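Let's go through this model with a few quick questions. Have a look at the sequence and the coordinates first.

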Amino acid sequence: MVAAALDAMAGTRWGRWLGLVTAVWVQCISGNNYTFSNYSDSIKTLMGLTQLQLNGLSVAKDVGKAFGLLAGLASDRVPTWLLLAIGSVEGLLGYGAQWLVVSRTVAPLPYWQMCVFLCLGGNSTTWMNTAVLVTSIRNFRRNRGPVSGLLKGYVGLSTAIFTDVCSALFADDPASFLVMLAVVPAAVCAVAMVFLREGPSGGAAGAARDEEEDGRCFAAINSLAVAIALYLLAADLTGIGGGGGAVSGVFVAVLLVLLASPAVVPAHVAWKSWLSARKAANADLEEAGSDAAATTPLLVPAKAAEREDEARGPGEQPRLGEEHTVAQALTSLDFWLMFASFLMGVGTGLAVMNNLGQMGVAMGYTDVSLFVSMTSIWGFFGRIASGTISEHFIKTRAIPRPLWNAASQVLMAVGYIVMALAMPGSLFVGSVVVGVCYGVRLAVTVPTASELFGLKYYGLIYNILILNLPLGSFLFSGLLAGLLYDAQATAVPGGGNTCVGAHCYRLVFVIMAIACVVGFGLDVLLSIRTKRVYAKIHESKKSNRSAVVQRVS
């Protein structure tokens, strides 16, 4: 009875928006995989590790995302709530075990066991991300760019949220930080299990007349997200949230209110739906008749008929923009262009995020929490802006989405050159640039995959692309950064090593800049090859807007 009521709710407009808001909350806590720099130094000291060994642990954390293929396979077979439950349990185990070690509740575990628990923690986020991304994009098929930018943007904020809350309440204690990473995601996922459900396709979910109002709702949630980001940015730059005491308590309370504020949007949509229902009843079903007409997907049948009439030989590869099986996607050159360019962007970005702690020490900083927060907050701006802006330019100019990835690769290469020069403030500038560009890559690639290869097997295709995270972490963080750092470092008493000076990471930054230039070339090629697909998407959106205007007039 309860399950049927919740499924019925998911088929309403306000139910879809309530599901998206709970998805936003899940994303606020699912960026815990990017927080390794906040407690990595404690693990390195406690276990007496070299930088290469520590980077091995960070690779193990990212290898957990390789097992996200399981989440992708399950996304079409099990309900959303089960995906969230699996992710929250894995997070409890993975981060809970790390807390036992860092808090010295148990003796340091063998290296391979720490790798296993870090892998569990890393894999937990793939279940959460797959659940919210697949469900939300299917619920908002006409707004894939804004949905992706919004959800990935909040993932970018999650690192800053965890870091700033821990600094305010626990004075940056690594053990307390790990407790938060274990417990808070499980609690939030418990709420999302109730309200995040996939609604039926078509009907209200596909009504063209709702697109304009959906745009206003996205703008409202994006504005709230920007307010949260600016609030966190101001707290980081002024230090007002740290140090404990009443001020820190007020900072956390205001932050929680801001995080809860997107719930106003589904409440507003529900209120408007109720008013519309009353008006329809009083107007002798006139409004209801209008809604029924509007639920027919405008111009879609004609387009579908044209596609069905096109000759398709037996075993012929589907065209870009049509539904692909996983095997068909994997035999497409365009998929591997996207895969390789994604590797150059996220792989180098992860190398910076995983090594920010040691980069800060090498450049003379004792506290790197500011740089971790800067990467997170500016990553949010990159994610949320690129999703919305790329969608706008598809609607107005038919500009292919991968072109924004190409632009981010150029900017990222500039950021690495700045960090290689090691001028005063270069780490601050570099962390901002890397955060923005890393955010753009994630937010743009997610909807691009669904637009080129379809939504039917999107959960698995997305998780195949995400294999770039462990692969990039291994190549650029585990091997490149680890080996080159150890070559420059000196041993310290008791085990481990350290390196101080700009030379520690200079060659790493130069090589990563070259990798970004290669990624730029791949993205430009993909943009050229997909130009026709985005021209069709542009024409479809333009036709839908014209049909809505004619219906209103």
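Q: How many helices and strands does the secondary structure of the protein come to?
A: Keep in mind that this is a predicted model. Its secondary structure has helices and strands, and the tally is 23 helices and two strands.

Q: What share of the residues in the protein is buried?
A: Buried here means under 20% relative accessible area. Out of 553 residues, the share that passes is 55%.

Q: How much of the exposed area do carbon and sulfur atoms supply?
A: The protein exposes about 21,500 Å². Of that area, carbon and sulfur atoms supply 69%.

Q: What should the 29 residues of helix α17 span, and how far apart are its end C-alpha atoms?
A: Helix α17 covers residues 369–397, and each residue counts for 1.5 Å, so the expected span is 42 Å. That agrees with the model, where the end C-alpha atoms are apart by 41 Å.

Q: Which residue follows α17, and what is its phi?
A: Right after α17 comes A398. Its phi is positive, near 60°.

Q: Are α10 and α17 roughly parallel or antiparallel?
A: Helix α10 takes in residues 211–238, and its axis comes within 10 Å of the α17 axis, crossing at roughly 160°. Angles over 145 degrees count as roughly antiparallel. So the pair is roughly antiparallel.

Q: Which residues of α10 and α17 make the contact?
A: α10 passes α17 in a left-handed crossing. On the α10 side, the contact includes A225, A229 and L233. Facing them on α17 are residues including W378, F381 and I384.

Key: Residues numbered from 1 in each chain as written. Predicted model: local features only at pLDDT ≥ 70, side-chain atom pairs only at ≥ 80, totals over all residues. Heavy atoms only, no water. Helix = DSSP H or I, 4+ residues; strand = E, 2+ residues; numbered from the N terminus. Buried < 20%, exposed > 50% of the residue type's maximum accessible area, 1.4 Å probe, protein only. Areas by Shrake-Rupley, 256 points an atom, 1.4 Å probe, with all protein chains shown as cover. Expected span 1.5 Å × (residues − 1). Axes fitted to C-alpha atoms, helices over the stretch in contact; angles between N-to-C directions. Parallel < 35°, antiparallel > 145°, perpendicular 65-115°, else oblique. Left-handed = near helix turned anticlockwise from the far one by under 90°. Contact = heavy atoms within 4.5 Å.
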